[in-house]
Structure formats: structure tokens, C-alpha cells
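This report is a guide for a reader who is meeting the structure for the first time. Please keep the sequence and the model at hand while reading.

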Amino acid sequence: MATENSTADHLRAALDGPWRDVREQARRQLCDDRLFGDPHLDYRAARARTLEQMRLVAELGYAEKGFRLENGGTGDPGGAVTGLEMLAYADLSLWVKSGVQWGLFGGAVENLGTERHSDVVKRLLPLDLLGCFAMTESGHGSDVANLETTATYDPATREFVVHSPTASARKDYIGGAAEHARMAAVFAQLITQGENQGVHCFLVPIRDEQGRDLPGVTTSDCGLKGGLPGVDNGRILFDRVRIPRENLLNRYADVEPDGTYSSSIDTPGRRFFTTLGTLVRGRISVGGAAAAGARVALSIALRYAERRRQFADPDSGEETLLLDYRSHQRRLLPHVARAFALSFAQNDLVRRMHTVQTGQDLDPGAQRALEKRAAGLKAAQTRHATRAIQECRECCGGAGYLTENRLVTLKADTDVFTTFEGDNVVLTQLVAKELLTAYSDEVRDLDALGWVRFAATMGRDVVRQGTGVRQLIQRLRDRSDEGVDDGDLARRSVQLQLFADREDYLVRTAAHRLRARAGETGPFEAFNNAQDHILTAGEAHIDRLVLEAFIEGIAEIDDPDARELADTVCDLFVFSSIEQHQAWYIMHRFMSVERAKAVRRGVNELVDRLRPHATTLVDALGVPRDMLHAAMLDDASVHQGE
């Protein structure tokens, strides 16, 4: 029989994923007071401290993993994402600042540039050159294709002229632009020989070594934000700034000295999406860091709930531990279950990214699939962080509101994650559009007999919806007294089928709704009319992918006790997810009222079953006790009665 500690070790190893050695090394290296934020600093002092912290991180070797050997890196993108994610345990300002320098700016130069830009990579790695990533504009955030900044080629001087033609073309919210960055990776419309060739990326120096704006460049400070005080977000305006022709990052397109444009990618649309696709690592990293922040919050709140007592038990007279209350278990443990699920999903995503970016997976569809999965998981993880951290804050009462206990800082710092590197609603819509396109292709390829069968299937669904046959069958199968282990919902195949049924039904009905509406109106109105439906389909798809990753992750756990506990956590993830959507399942007759009641009872039974293992689950989340930095965990008043 394994001990709780060894069970936690096995679970933590599974959650750590393919780069567990990187995580273990980071736990040792990053448990350093110099790397944690100081909430008492004003934002200018916080920025200076974060820059000094980056210099410490630069010596640890995590950044080099993300770059190719020829540029001074070690060629391990999966290790880079994993190692830098661990910075989120210490300070999210440090993580964001590092991500801007080595992930966004560095990633743009290496992945969109060529050998002529390798010197820039070699300078940015050790922080000899500080950069920023200037994509977002005041007028266009998510709509990158319609950015207004222009880069017009002048063959007489062999230079590009970078210009902000309108006030809304101002680069906005750019991390590093307010103080520290000396160069910007600027996304702008490339114009040559009178033709607009679409959005490309250019290296534009913005400050001299003394920190003064260069001629034609005007930077300004975004000032105080809702969080991330150590990140110097700023704005940039360009007034006909001239840069050498070679400053175009030219991996996919180039301009000859005479102004002739050429590209290895034949269509502007494909060229645009290929350019953005190479930057997918940033989106993957944002989701991972948000989930890491949630793990910190859950670790704090659960450790507090294991020791804090409140209200006396009338039978014993002893005050009761917070985590012994059913309501407290229900508030926190489902978030722990989702944290487990998302950890497995992130591990799978990083593994996929690594195989694509190291050339191990050359399937042309792999990059597109990676982008869709990254978009969906980023949305899921950042929403999870927002909800879980808020619940943790409330579960710790007034103590949770004190800055010294870190939860409000985590809440403030992760808030923006839902909208940067892609707004969550836009990303979910992107996922759904991919699903609808695939569905449309599948239907389009059907022969006449296939259409008949397809129509019959849809008809049968309509009949079931109309007559309640499915609901009646399910009601006959359900027993009002069955527990988690008795009903068919105990079977993974049934759980996965419920998730898949929801996704499939939503995609098919969204497609039919679009088709029916398109016959009466234009494409935009048809899509806008069904947008709520489409977004729900995207969310259902993401839920199914996360469950699949959880199931696959459990299968790789060798220790029987750890695997059994992970199975129970997976059940809680499933039951709590279904409970969250139970109105939909009942309305669409995938679930009877009796079964919905069984799901609610199942959640209660599962949190009760997991209660004795709460400390094991917290240890498995992998945030070292010394990295929590929550004063209330050492407060004598929390330990009274022990």
C-alpha cells in the first residue's frame, strides 16, 4: 500500500508531463526570494525589479531552450515553454516580461526572420538587446489583418518607411514599450510598387542606449493597470521612420532592392495565417501560465482550509475545519479536478507543439490542428484561472483579501490573460469555425446514398427530440438511489460519449442553422444570428479534448494507488462539468431529470471521497510550499486547536 506522500509524488510526476525534469529543476532554482514580486513597490520600482529578475533568469538556461542551435540556443521548445511557465509560481510580471522578450520578440525574430537576423537573436538572448512585440493597435486588437500601420518601400534609398497614418494606428498595450525596449518587432501593411501585400513583421529600433526615443518614434506609458505592475506597457507612434530593407523579417516573403515583392506562399491569406501560425508558442504559454497561477491559488486556499477552523460542532464542541464543510469542498475540489484535467491537456499540447516545431511532425495539417487546439485551451485555461482564483479568494474570507496572502495579486495579474494573446471569445469562435469548416467538408463529400443516410440520422434525432424517446429510455435506466459507482456514468466510455454527443449535436445544429439562415440573408447576418450557438459548440469541443487528455494521462500512471485517485479526480471533473451544463442536457433530452439528480449527488459523493486526500492532491499540483508566499499559512490563529 503506497503512502499518501508517495502517491502525491506519482501524481505530480504524471502532471509534470514530458519535461518533468525541467519542472523539478525549476522548483529548486526558482525558490529564491529575489525572484518574487514585492507588492509594496510603486510601478516604476516594480518594473526596475522585474528587469533585474530577468537578468537572474537569463543565467538559468530556460530561454536558450526556445532557440535553434545556430542562434545560440539548445533547440528544445517544449522545455522552454515548460521552464518559463514555472516563473508563474514566483511572479507573473516576471513571466510576462520574460515572455515578451524571449517568446514574442525573440520568437518573431527567429521564426519569421532568416540567417541575416541571427545576430539579433544572439543579442536578445543574454538581454544585450531588449525588445517588444508591436502587433496590437488602438483601433485593431484581434483583427490583425486590418492593422493600419504601414511600411512603404522606397527603392531610391532601399528603405522601408514605417508610419502611423491615423491616431487609431498607434501601437497599444505593448509590453516593454514604455521604458525598457530598444527595438520593436512591428506588424505593418507592406506596401511596395504601389501594392499592399498585407501584414508583415519588421524590426524597428525605437530607443537609443540612453532610453531616448529615436527620431520619428514617439513612445508613451500606459501607466497603472489592473495588475502586472512589473511590466512596462506602452504605446508607440511612428512618423515616417526609415529602416533598412533587411529589417523585414523575410522567411516567407521578401522585397528585392528594386521593390519587387516575392513570396514562397502563393496567396495572401495563406501567407498571413502562416505568419501568425509560427507565433503559436506565445498562445500556448499564456494558457500554461494562467493554469499555473490557478494552481498556486488552489494550493494556498486548500492548505488554509485544511488548518483554519470556524464554528463549533454541536456534538463534539470542537470548531470545524473549513474543508470539512460540504459547501467548501464543492467550491474548491471541482476546480482542483479541472486543474488536473488542464495540466494533462497542456502537457499534450506542448508535446504536439514540440514535434511540429522541431520538424518531427511534417504533416501539413499538424500546424493548423495545433493552432486550433492552442486557441481552445488558452481560452479554457484562462477562464479557469479567473474563476478558480476568485473562488479561492472568497474561500479565504478577509485573509484572502490581504495582499500579503497573494490571492488578490494572482487575481489581478491573471485577469488580462483572458484577452491578451487572443480574446477568449474570438479564440472560441476560431475553434468553432474550424469545426464547422470540417463538418461542411464532410457533408459536401457525401454521395447521394450518404446524404440519405445523413438525413435519416438527423430525422431520427428530430423524432427523439420531439417525442422524448431518449429521455424515456434514460429514465427507465436510471435509479433514484444509484451512487457514482452504480450507474453507467461510472464508465469512461459513457462519460466521453456524453461530452462527444454534446459537441456533435451543437456543431451539426449550428451548421444547419447557418445554412437555413444563409438562404434568407447575408453571410454576416447569418453568422451573427447564430453566434451564441457557434460559441457553445466551440466550448463543447474544448471540453471533450480536455477530457480525452485526462483519460490518456491517467493511462500513463503506473502506480495503482495514484491511478485510482486520479480516476476519482477525473470522475469529479466529469460530474461537475455535466452539472454545470445539466440544463442543456435536460433541455435537449440527452439526460433525464432523474439522471441530472444523480449527477448532483455524484458530485457530493466524489468531493466527500476526495476530502481525505486533499493534501495529497495539493502536493500533486506541484507548487512547492516555500513558493506559496502566503503569510496566513504561518499565522498562529490558523493553527488554533491543533
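Which element gives the largest share of the lining of the second largest pocket? The largest share, six residues, comes from α3, and the sections below place this in context.

## Basis of the model

This is a predicted model, in which local features need pLDDT of at least 70 and side-chain atom pairs count only at pLDDT 80 or more, while totals for chains, interfaces and linings use all residues. Residues are numbered from 1 along each chain as its sequence is written, and side-chain values use heavy atoms, with hydrogens and water left out. Helices (H or I, at least four residues) and strands (E, at least two) are DSSP runs, numbered from the N terminus.

## The second largest pocket

On a 1 Å grid over the protein atoms alone, a pocket is an open set of points with protein on both sides within 12 Å along at least five of seven lines, a cavity is a set where a 1.4 Å probe fits but cannot get out, and lining residues have an atom within 4 Å of a point. Grid points are joined across faces, edges and corners, and a volume is the space filled by probe spheres set on the points.

The second largest pocket holds about 610 Å³ of space. Its lining consists of 34 residues, and those nearest its centre are Asp38, Pro39, Pro229, Thr409 and Asp413. Two or more lining residues come from each of α3 (43-58), α5 (92-112) and α12 (407-415). By class, the lining has 13 nonpolar, twelve polar and nine charged residues, where Ala, Val, Leu, Ile, Met, Phe, Trp, Tyr, Cys and Pro count as nonpolar, Asp, Glu, Lys and Arg as charged, and the others, Gly among them, as polar.

## Cavities

The count comes to eight cavities of 30 Å³ or more, and the largest cavity has a volume of about 100 Å³. This largest cavity is lined by 15 residues, of which Leu15, Arg23, Glu85, Arg295 and Ser343 are the closest to its centre.

At least two lining residues are supplied by each of α1 (4-16), α2 (20-29), α8 (280-305), α9 (326-357) and α22 (614-621), and α9 gives the largest share, four residues. The lining of the largest cavity divides into six nonpolar, four polar and five charged residues.

## A three-stranded sheet

Strands of a sheet pair through backbone hydrogen bonds, either parallel or antiparallel. Here an open sheet of three strands follows the order β4-β8-β7 with antiparallel pairing, where two strands pair if DSSP finds at least two bridges between them. The edge strands, each pairing on one side only, are β4 (171-175) and β7 (217-221).

Five bridges join β7 to β8 (residues 233-238); among the bridge partners, threonine 219 is matched with isoleucine 236 in β8, and threonine 218 with leucine 237. Between β4 and β8 there are three bridges, and glycine 175 has asparagine 233 of β8 as its bridge partner.

## Helix α10 and two loop residues

Helix α10 (residues 364-395) has 32 residues and should span 46 Å at 1.5 Å a residue (the expected span being 1.5 Å times one less than the number of residues), and its end C-alpha atoms are 47 Å apart, which agrees. After α10 comes glycine 397, whose phi is positive, near 60°.

Most residues other than glycine have a negative phi, and most peptide bonds are trans. Arginine 158, however, has a positive phi of about 55° and lies in the loop between β2 (150-154) and β3 (159-163). Glutamate 421 likewise has a positive phi, near 55°, and lies in the loop between α12 and α13 (424-444).
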